[in-house]
Structures are given as C-alpha cells and as structure tokens.
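Open the model in your viewer and keep the selection tool at hand. The tour goes from stop to stop, with something to select at each one.

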Amino acid sequence: MRDATRPAIAAAPPAVFTPSGPRAARAVRLWLYVVAALIVAMVGVGGATRLTESGLSITQWKPVTGVVPPLSPAEWQAEFERYKAIPQYEILNRGMGLDGFKRIYWWEWTHRLLGRLVGAVVLLPLLYFAATGAVRGWLLACCLGLFALGGLQGAVGWWMVASGLSARTSVSPYRLAIHLTLAGLILSATVMVARTLAPPAAPSAAPPDMGMRLRATAVALPILVLVQIFAGGLVAGLDAGMAFNTWPLMDGALIPAPDQLGAMRPWWRNLFENALTVQFDHRMIAYALWAASLLHALDARRTHGARGAWLLFAVVSAQAMLGIATLLLAVPLGVALAHQFGATVVLIAATLHAADMTQATGMARRAPYLSAEGRPPPAPSSR
C-alpha cells in the first residue's frame, strides 16, 4: 500500500528529457526566455520603424541575401532608386537625399535582421536539443510550432510591407495589426512553454469552485491583452493617436457622439478604419483590462496567486499611465516606444500569471521530469 502521508504521484506523460532532466529543463527554459527577449527587442525596433516611417524603405523581400546591406555607393543608389519608385517617396518624401534614405533604411534593415536572428536562435538550439534527446514528445511539437509561427510571421511581415508599395503611402492598418498581434501571440506562447518547464508551483489554497474561477480569469487576461494589442496596431496604422489628444474626455465627451463613432458605412468599417472609433475602442479595452486585472487581484488575494495577480495589476496600471502620456504628448518617439515595450511587459506578466494559476489549481501539465512532490521520479525498471 502507498504511504498515506505522501501525495500520490500523478500519471506522468511520456518522458521528454534525458536522465539529466532538471539540468536539461533549465537549459531549454533559458533558451526560450532568450528567444522571448529577442522577440521583445524586435517588437521595439518594429515600433521605431513604424514611428519613423521607415518600413517601406526596403522594397524587396530577400530572406537570405537581404541580410547583406548595400556596400558600395552604386548599391546604395540602386536601393534608393527602388524606393523613389513607390508612392511614399513621391507623395511624402520627394526631395529626400541619400543620407535621409539611409537613416530610414537602417531601421528597417535592423528590424529584418532581428527577425532572421530570432529564426536562427530558435532553429539551431532546437536541432541540438532534439538531437541530444533533451526535447521530445509534446515539447518538441510545441517548439516546432513556435518555429513555424516565426516563419509565418516573416511572411506576414512582407505581406504587410507589400500593401504599401503600390497604391498607398503606408502599410495597411489591417495587416499591421495582424503582424503586431501575431508577434504578441508568439511571445506569449514562448513564455508559456518556458514556464511549464519550471518546477511546479505550490497548490492553490482556494476552494475548487474558486480555483476554477481564478483559472478562467487568469487565462482570459492574456487573451484580452492580445485583443488590446490588435487594437493598438489599428491605432498605429491609422495614426489615430495623433488626434483627440485629450483625456479622460475625447472630442469633448467621455463617449463621442454615435454619428461620429458610426460615420462609415457599412458600420463594421468604423471598428477598423474610423480613427475616432479605433482610438475610442482602444481606450475602452484598456479600461476593461484595468478593471479585470483589479477584480482578479482582489479575488486572488487569499491564495498563492495573490502576488502574481497584484503584480499584473501594477504592470497594467503603469501601462495605462504610459498610454495616457503617449496620447497627451501627441505620440513622441521615446514615450511611444516605452508604451509599446510596456505592452510586451504586460503580455509577459499576464502569461506567466496564467501559467502559474493553471498549475496551482491543478490543470497544467507538470514539468515532465518532476514527480508530484517536485523531485525527479525513479528511473523505470528494466524488467
């Protein structure tokens, strides 16, 4: 009979680590956090690329050879001539010199270089971990999925850029919002996988019904953050932050007039193309996120998840203040970049908290090299 004083060991999924499981888990976890940090850096540089109107400076997609920038005056001039052929130069930047072109070119080149770097930092260690057996089973499937999402993100990035090369002076707001949201999804998924490889958290002290509620709200919060990131992408794509630079009133009212919010036909276009409505929606989602994080923190105050819930609420509050400052100051580069960086911090905090709460309430897959007691399970019998 099992000793009643010791908790039962849950049926473990197939082993995905070598016998040096905890050490391999730490290495894989560190690798994934490095990937997440690079994604954050790429989002930041992408924001600078957008705010400096640099995203259309490279008019060709060369996933491999594009890593090499122009190296001679002739190559620079050829690149510049390609840029001169698009509407952005003709309408907005006519008369720009080569030096000015180089300034916007380097922002976009750096953004694309970071994308290639992220791909290499995912693929090369993954091949090593898979070859040595440190990553197998569900974990290997998750990591391959992350790599596939990264490849999709590269294609979406070019799809976005292509929208601004013929009939527009900037990229499509729809495509920009999708590109930004997909980056957030990849970041959240990377952090979630890394967190599942940490030693298990202490079980929640909450009753079962309360545990289910806490788990549901904790999981809902990063989803709401991603919705807000999508709305922020629309705001950026429409330059909606450049208008209605007052708070808490917007165009002189807490809620703008319905005929202004619904000025476009059909009505759904207002949600994506009406700068007033898009900024209003971004504000409303921010209020909802702030209130939801506060209510969740109050709900979790007597559980093991209280610290993470209050930390998330603090981060959401700081991000809200940054958003207000960005608006009131009419989107200066430094403050706007801090706001975009803050979005990734909020998403990471929400994802980590969701992972911890699902684990603490008994629903997350335990790190596969650990027993229910937090120790490596005994080696399987050879018989």
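What span should the 23 residues of helix 11 (residues 306-328) have at 1.5 Å a residue, and how far apart are its end C-alpha atoms? Bear in mind that this is a predicted model. Select helix 11: the expected span is 33 Å, and the end C-alpha atoms are 33 Å apart, which agrees.

**Along helix 11**

Now colour the buried residues of helix 11; among them are Ala306, Ala309, Leu312, Phe313, Val316 and Gln319. Further along, Gly323, Thr326 and Leu327 are buried as well. Just after this helix, select alanine 330, which takes a positive phi of about 60°.

Leucine 329 is in the loop that runs between helix 11 and helix 12 (333-360). Is leucine 329 buried or exposed? Leucine 329 has a relative accessible area of 51%, so it counts as exposed, the cut-off being over 50%. Add Trp247, Met284, Tyr287 and Leu328 to the selection: with Leu329 they make a nonpolar surface patch of about 470 Å².

**Salt bridges in helix 2**

Move to helix 2 (residues 73-84) and select arginine 82 and glutamate 79. Their side chains form a salt bridge, with 3.0 Å from N to O. The two are three residues apart, about one turn of the helix. An α-helix has 3.6 residues a turn, so residues three or four places apart point the same way. Glutamate 79 is buried at 9% relative accessible area, while arginine 82 is partly exposed at 30%.

Next select lysine 84 and glutamate 81. They also form a salt bridge, and their closest N and O atoms are 3.4 Å apart. This pair, too, is three residues apart in helix 2, or about one helical turn. Lysine 84 is partly exposed at 23% relative accessibility, and glutamate 81 is partly exposed at 40%. Keep lysine 84 selected and add phenylalanine 80: the lysine lies over the face of that ring, 4.6 Å from the ring centre.

**Rings between helix 2 and helix 4**

How many aromatic pairs are there? The count comes to 16. For one of them, select tryptophan 76 and tryptophan 106, an edge-to-face pair with 5.5 Å centre to centre and 70° between the planes. Tryptophan 76 is in helix 2 and tryptophan 106 is in helix 4 (residues 98-131), so the pair ties together parts 30 residues apart in sequence. Tryptophan 76 is buried, with 8% relative accessible area, whereas tryptophan 106 is partly exposed at 35%.

Add tyrosine 105. Its ring centre is 5.8 Å from that of tryptophan 106 and the planes are at 85°, so this pair is edge-to-face. Tyrosine 105 is buried, at 3% relative accessible area. Then widen the selection to Trp76, Phe80, Tyr83, Tyr89, Phe101, Tyr105, Trp106 and Trp109, which ring pairs link into a cluster. Lysine 102 lies over the face of tryptophan 76, at 5.1 Å from the ring centre.

**Last stop: more salt bridges**

The structure holds nine salt bridges. Select arginine 269 and glutamate 273, whose side chains meet in one of them at 2.9 Å, N to O. Arginine 269 is partly exposed at 28% relative accessible area, and glutamate 273 is partly exposed at 26%. Finally, select Arg50, Glu53 and Asp239, which are joined into one network by salt bridges that share partners.

Terms used:
Residues numbered from 1 in each chain as written. Predicted model: local features only at pLDDT ≥ 70, side-chain atom pairs only at ≥ 80, totals over all residues. Heavy atoms only, no water. Helix = DSSP H or I, 4+ residues; strand = E, 2+ residues; numbered from the N terminus. Expected span 1.5 Å × (residues − 1). Buried < 20%, exposed > 50% of the residue type's maximum accessible area, 1.4 Å probe, protein only. Salt bridge = Lys/Arg side-chain N within 4 Å of Asp/Glu carboxyl O. Patch = residues over 30% accessible without salt bridge, like charges linked within 9 Å, V, L, I, M, F, W, Y side chains within 5 Å. Areas by Shrake-Rupley, 256 points an atom, 1.4 Å probe, with all protein chains shown as cover. Phe/Tyr/Trp six-rings, centres within 6.5 Å; stacked < 30°, edge-to-face > 60°. Lys NZ or Arg CZ within 6 Å of the ring centre and 35° of its normal.
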